[in-house]
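Visitor: I'd like to see the reasoning behind the labels on this one. Show me the model, and then let me quiz you.

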Amino acid sequence: MKTGYSHIKCGLIGEKLGHSFSEMIHRELADYQYELIELSPGEVESFVKSHRLDAYNVTVPYKKAVMPFLDIISPEAQAIGAVNTVVHGKDGKLYGYNTDYFGFSHMLDKSKIKVTDKKVLVFGTGGASATVCAVLRDRGVRELAVIGSRDNNEGVLKKHYDSQIIVNTTPVGMYPKNGTSPVDISQFPLCESVLDVIYNPSKTKLLLDAEKRDLPHINGLPMLVAQAVKAFEFFTGDAADYSVCDDIIRLLDFNTKNIILIGMPGCGKSTVAKLIAEKLSRSFYDADKVFEEVFGKTPADVICESGEEKFREMEHEIADRLGKLNGAVIATGGGVVTRSYNYAPLHQNGTLVFLERDLKKLSSKGRPLSQTNSLQALYDSRIEAYRRFADITVSSTEIPNDTAELIISMIKK
């Protein structure tokens with residue numbers, strides 16, 4: 001963090017900012033004040049004219065809306081038709097800039113996805129789309145197609161099934177409306193790679209589908225960080241050290257992703273997860289306890305009363321709810337991996353850790369499935385699923401504190 005800027009009042013304006021990581025990023029950049037300000041469309045003009053902040057970023061849906069109220073707009077923002085950074089100059093005038101151009105350029109560089117001479121299909125027609133399209137044109141794409149929400153139908157899409165790169169600039173799939181996608185990429189047989197400017201969740205449904213097809217893909221976190229570093233220069237008038245981009249991306253990735261423990265019933269997931277949460281000052285969630293809070297019954301009660309299949313349906317609701325969180329530590333039920341549909345909600349924003357433990361040391365108390373089945377048979381039926389779900393596999397050290405420390409060190413690497 002650079003110091004000496006505490007007198008500057010900065011921030012971010014937008015309609016819904018509960019998903020924003022901007023405050024965390026700017027806290028790493030400098031010691032200026034940075035606040036998140038949610039505005040309704042009718043409040044934008046009065047805010048811009050109020051001079052409440054010395055400088056601020058602008059996010060959806062106001063990147064175009066602020067422009068009529070500015071005195072001077074930079075050439076690149078004018079060409080793109082969107083402003084995402086506003087500065088009150090010493091001369092009393094309002095200056096508008098676009099740092100998203102730099103941000104998306106950085107995102108492309110980091111992805112190593114080559115767009116020159118490619119056909120690119122962009123979803124969205126807002127300010128982010130205008131910026132993305134400007135970068136793509138400057139990088140020499142062969143053909144550029146832009147699809148707005150009104151044109152997102154089979155009749156229009158089939159004209160672009162030969163697209164090689166797909167870019168999402170819409171909020172479709174963004175928190176809290178996780179699990180949705182602007183398009184089914186299986187319709188594009190020539191698709192080589194996918195970019196999504198959304199960064200929360202870490203993997204949107206669009207990116208999860210790309211991952212499933214082994215297509216190179218990237219989310220919008222590098223764009224967000226790089227544009228913020230560029231905005232720092234406008235906020236302060238000083239040059240930025242762009243080497244901090246990767247450091248901040250790594251820090252955010254670690255701090256905002258959930259740590260999710262999977263493993264056999266009784267392997268110690270809850271104990272270890274709680275220790276991890278304490279060490280990292282994070283919120284801890286035991287999926288079975290959340291289940292009881294939501295439904296008023298324990299998993300064991302539901303299994304005994306209504307059967308395992310009904311329990312699995314209800315368990316999926318809990319996995320979906322917990323998977324949307326940021327920076328939490330979550331202990332799942334032992335059988336969550338038995339339903340493949342639980343992978344996407346857990347993986348979208350989490351690092352999944354398979355906690356292995358000697359079967360002889362597992363407790364089956366209060367666990368009807370463990371009591372009615374041989375532990376070895378249960379393990380044999382689930383082991384492949386645990387491995388498919390897991391990003392990291394850790395063998396229990398039998399000392400919970402040591403196991404927690406081991407998991408933290410492995411995730412940081």
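Guide: This is a predicted model. First the naming: helices here are DSSP runs of H or I with at least four residues, strands are E runs of at least two, and both are numbered from the N terminus. With those labels, Asn98 is placed in the loop between β6 (94-97) and α4.

Visitor: What makes Asn98 buried?

Guide: Its relative accessible area is 5%, and buried means under 20%, so Asn98 qualifies. Ignoring residues up to four places away in sequence, Asn98 touches Ser74, Glu76, Ala77, Ile80, Ala82, Val83, Asn84 and Thr131.

Visitor: How do you know that the side chain of Asn98 makes a polar contact with the side chain of Thr131?

Guide: The distance is 3.4 Å. The limit for such N or O pairs is 3.5 Å, so this one gets in. A polar atom of the Asn98 side chain is also found 2.9 Å from the backbone nitrogen of Asp100.

Visitor: On to rings. How many aromatic pairs are there?

Guide: The count is 12 aromatic pairs. In one of them, Tyr5 and Phe232 have 5.7 Å between centres and 85 degrees between planes.

Visitor: Why is the pair of Tyr5 and Phe232 called edge-to-face?

Guide: Centres within 6.5 Å make a pair and planes over 60 degrees apart make it edge-to-face, so 5.7 Å and 85 degrees meet both conditions. Tyr5 is in the segment before β1 (9-14) and Phe232 is in helix α8 (residues 221-236), 227 residues apart, so distant parts of the chain are linked. Tyr5 and Phe232 are both buried.

Visitor: What about the pair of Tyr343 and Phe389: why is it edge-to-face?

Guide: The centres are 5.3 Å apart and the planes stand at 80 degrees, so the pair passes on both counts. Tyr343 belongs to helix α14 (residues 343-347) and Phe389 to helix α16 (residues 375-389), so parts 46 residues apart in sequence are tied together. Tyr343 has a relative accessible area of 23%; that falls between 20% and 50%, so it's partly exposed. Phe389, at 3%, is under 20% and therefore buried.

Visitor: Which residues do ring pairs link into a cluster?

Guide: That cluster holds Tyr5, Tyr32, Phe232 and Phe235.

Visitor: How do you know that the charged end of Lys230 sits over the ring of Phe102?

Guide: Lys230 comes out at 5.6 Å from the ring centre, so it meets the distance limit of 6 Å; the charge must also lie within 35 degrees of the ring normal. Arg282 likewise lies over the face of Phe254, 5.1 Å from the ring centre.

Visitor: Now the strands. What makes β8 (143-147) and β11 (217-218) edges?

Guide: The open sheet has 5 strands in the order β8-β7-β9-β10-β11, paired parallel. β8 and β11 each have a single partner strand, so one side of each lacks a neighbour in the sheet.

Visitor: How do you know that β7 (residues 119-123) and β8 pair?

Guide: Pairing takes at least two bridges, and these strands have 5, so they pair, in the parallel sense. Lys119, for one, has Glu143 in β8 as its bridge partner. Helix α4 (residues 100-111) packs on this sheet, touching β9 (165-168), β10 (193-196) and β11, with its direction about 145 degrees from that of β10.

Visitor: Which strands pair with β15?

Guide: Among them is β12 (residues 258-262), running parallel to β15 with 5 bridges; Leu261 stands opposite Val353 in β15. Strand β16 (residues 392-395) also pairs with β15 in the parallel sense, over 4 bridges, with Leu355 opposite Val394 in β16. As for β15 (residues 350-356), 6 of its 7 residues are buried.

How values were computed
Residues numbered from 1 in each chain as written. Predicted model: local features only at pLDDT ≥ 70, side-chain atom pairs only at ≥ 80, totals over all residues. Heavy atoms only, no water. Phe/Tyr/Trp six-rings, centres within 6.5 Å; stacked < 30°, edge-to-face > 60°. Buried < 20%, exposed > 50% of the residue type's maximum accessible area, 1.4 Å probe, protein only. Contact = heavy atoms within 4.5 Å. Axes fitted to C-alpha atoms, helices over the stretch in contact; angles between N-to-C directions. Polar contact = N/O pair within 3.5 Å; in protein donor to acceptor, adjacent residues only side chain to side chain.
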